[in-house]
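A visitor and a guide are about to talk through a protein model. Have a look at it first, and then follow their chat.

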Amino acid sequence: MIEKRLLLHPFSNKKHTKTLNIQNRQQDFDQLRKSYPFFEYTSYTYLITDSGFKASFQFSISDVYHFSPSIDIPFREIYRWNKLTNSDLDNLVFHLGMIELISYWKLTCSPEIRILPHLLDEKQVQWWKKLYVHGLGEFLYLNGIDSEIHDLFIIFSEGKALKPISFTADETKVMVPVGGGKDSVVTLELLRSGNMSVIPMAVNMRPAIHQTIENAGFTVDESLLVNRHLDPLMLDLNQQGFLNGHTPFSAMLAFLTVLLAAGSGIKHIALSNESSANQSTVPDTHINHQYSKSFEFEQDFSAYVHHYIHKEIKYFSFLRPINELQIAALFAGFKHHHVSFRSCNVGSKLNQWCGACPKCLFTYVMLSPFLKREELQAIFGTDLLENPQLSVAFDELVGRASIKPFECVGTPDEVNAAIYKAFHTHKNHPLLLKNYNFSDQGELDYSTLMNIFSDEHQLSGSLVNLLKEALHDRLT
């Protein structure tokens, strides 16, 4: 069930507003909901051709604005779309539309969401409510919207209920989504050394993704690709002042991977989300930039897929038992990826590190215990700890600020442990560490974090052993 609690209003704590671009869109929120009382998921279409698989989704805001976002999946030999029935394809494409719609609904936050293609049972309705609410926590928070969760929207559905898909999936194959950052590099490289056949997957190919795939010994031609196309009207309405903000892309990725797994017969889907993703961005709330990367979502999604889509497909995060510090240690050993990887959301489209965002600074700090200073500067082009413009981001990362950055970053404990390990013996500290307190606790925290292995995961015994052996080899 959805928790009936008041969303934390950002203006209740002035410290939050000093470092965040929090807007007061409450009046706009209220007016848009009155002007556009319902949002409709009207239909979906799909087409299989010699060049691949295409699907599109039709949404409308109160029958005033209409949207048709789409995806296309280039042909690969592994696909067997013709072995899926129309009912199977309906199931897969419909569910993709259910997560796609959130990007368009958020423009007006209409109080009614009408699902016209298929009927949802009550458990499904509650499942989607939870995902939408928690996945939009950051969006509501940064727009300064104060709304009781149970009043945010009502979901109505109609049409024919869908049946789960039934076919035998290939136990030996594992799909690995690649984003171009250090985490998916570690997953790709470690699983490649195991006993399963690894197939890379990517959405909207970028240079860092391309290079990661090739550096790991694969080719783009054998990887599973998805081209996702947003409806340009949504971007136009954003410019006109409609509501905008973060949506749970990892949930979209999850449904895309299930579509590809069913189309190719792949049984395993291995994400690269770590234990740190479970921590809320705003303390004492459910507002988490990484909600759809959390273990809670992973479990919820796995259960939903098992019951409503395909009981044999296994969705899990290979890195879930470990933390960002351990991942950085493993990544540091894959030197052939150091020049090409990009974890910066701002610069990734231009295939560069922007050098001015919390994600850049976080990645720099986490790698600092494991790489020499000249190696770090070769990656980032400069010493980020000498940049005074990153002082606010630094305070957020180490826990001096009231909240973490709204980025995919680790916990303050992980950041502080990395700083202690890398710099506590230095006499001349970089600018951002001039007033930093190197606690004696830092050494103990570093040792604890480097040796922890969480039991909150969905890995098989063989995958657990593979990950533990890689950590042991790296740390000894």
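What follows is a set of questions and answers about helices, rings and loops.

Visitor: Before we start, what kind of model is this?
Guide: Residues are numbered from 1 along each chain as its sequence is written, and side-chain values use heavy atoms, with hydrogens and water left out. Local features need pLDDT of at least 70, side-chain atom pairs count only at pLDDT 80 or more, and totals for chains, interfaces and linings use all residues, since this model is predicted.

Visitor: How are helix H3 and helix H5 oriented to each other: roughly parallel, roughly antiparallel, roughly perpendicular or oblique?
Guide: Helices here are DSSP runs of H or I with at least four residues, strands are runs of E with at least two, and both are numbered from the N terminus. H3 (residues 86-100) and H5 (residues 122-135) pack at about 40 degrees, with axes 11 Å apart; axes are lines fitted to C-alpha atoms, for helices over the stretch in contact, and angles run from 0 to 180 degrees between N-to-C directions. Under 35 degrees counts as roughly parallel, over 145 as roughly antiparallel, 65 to 115 as roughly perpendicular and the rest as oblique. H3 and H5 are therefore oblique.

Visitor: Which residues of H5 make the contact with H3?
Guide: Contact means heavy atoms within 4.5 Å. On the H3 side you'll find His95, Met98 and Ile99. From H5 come Gln124, Trp128, Leu131 and Tyr132.

Visitor: Tryptophan 128 again! How does its ring sit against tyrosine 304: stacked, tilted or edge-to-face?
Guide: Rings of Phe, Tyr and Trp (its six-membered ring) pair if their centres lie within 6.5 Å; planes under 30 degrees apart are stacked, over 60 edge-to-face and the rest tilted. The structure holds 34 aromatic pairs. Here the centres are 5.9 Å apart, with 80 degrees between the planes, making the pair edge-to-face.

Visitor: How many residues apart are tryptophan 128 and tyrosine 304?
Guide: Tryptophan 128 is in H5, and tyrosine 304 is in helix H11 (residues 295-309). Their pair links distant parts of the chain, and the two are 176 residues apart.

Visitor: Is tryptophan 128 buried or exposed?
Guide: Buried means under 20% relative accessible area, exposed over 50%, and partly exposed in between (1.4 Å probe, protein chains only). Tryptophan 128 has a relative accessible area of 0%, so it counts as buried.

Visitor: What span should helix H10 have, at 1.5 Å a residue?
Guide: The expected span is 1.5 Å times one less than the number of residues. H10 (residues 249-264) has 16 residues, and its end C-alpha atoms are 22 Å apart, which agrees with the expected 22 Å.

Visitor: How many residues of H10 are buried?
Guide: H10 is largely enclosed by the rest of the structure. Just after H10 comes glycine 265, with a positive phi near 80 degrees. As for buried residues, H10 has 15 of 16.

Visitor: Which residue in the loop between strand S2 and strand S3 has a positive phi although it is not a glycine?
Guide: That loop joins S2 (52-61) and S3 (65-67). The residue's phi is about 60 degrees, and at 53% relative accessibility it counts as exposed. It's aspartate 63.

Visitor: And is asparagine 204 buried, exposed or partly exposed?
Guide: Asparagine 204 lies in the loop between strand S8 (197-203) and helix H8 (207-215). Its phi is positive too, near 50 degrees. With a relative accessible area of 33%, asparagine 204 is partly exposed.
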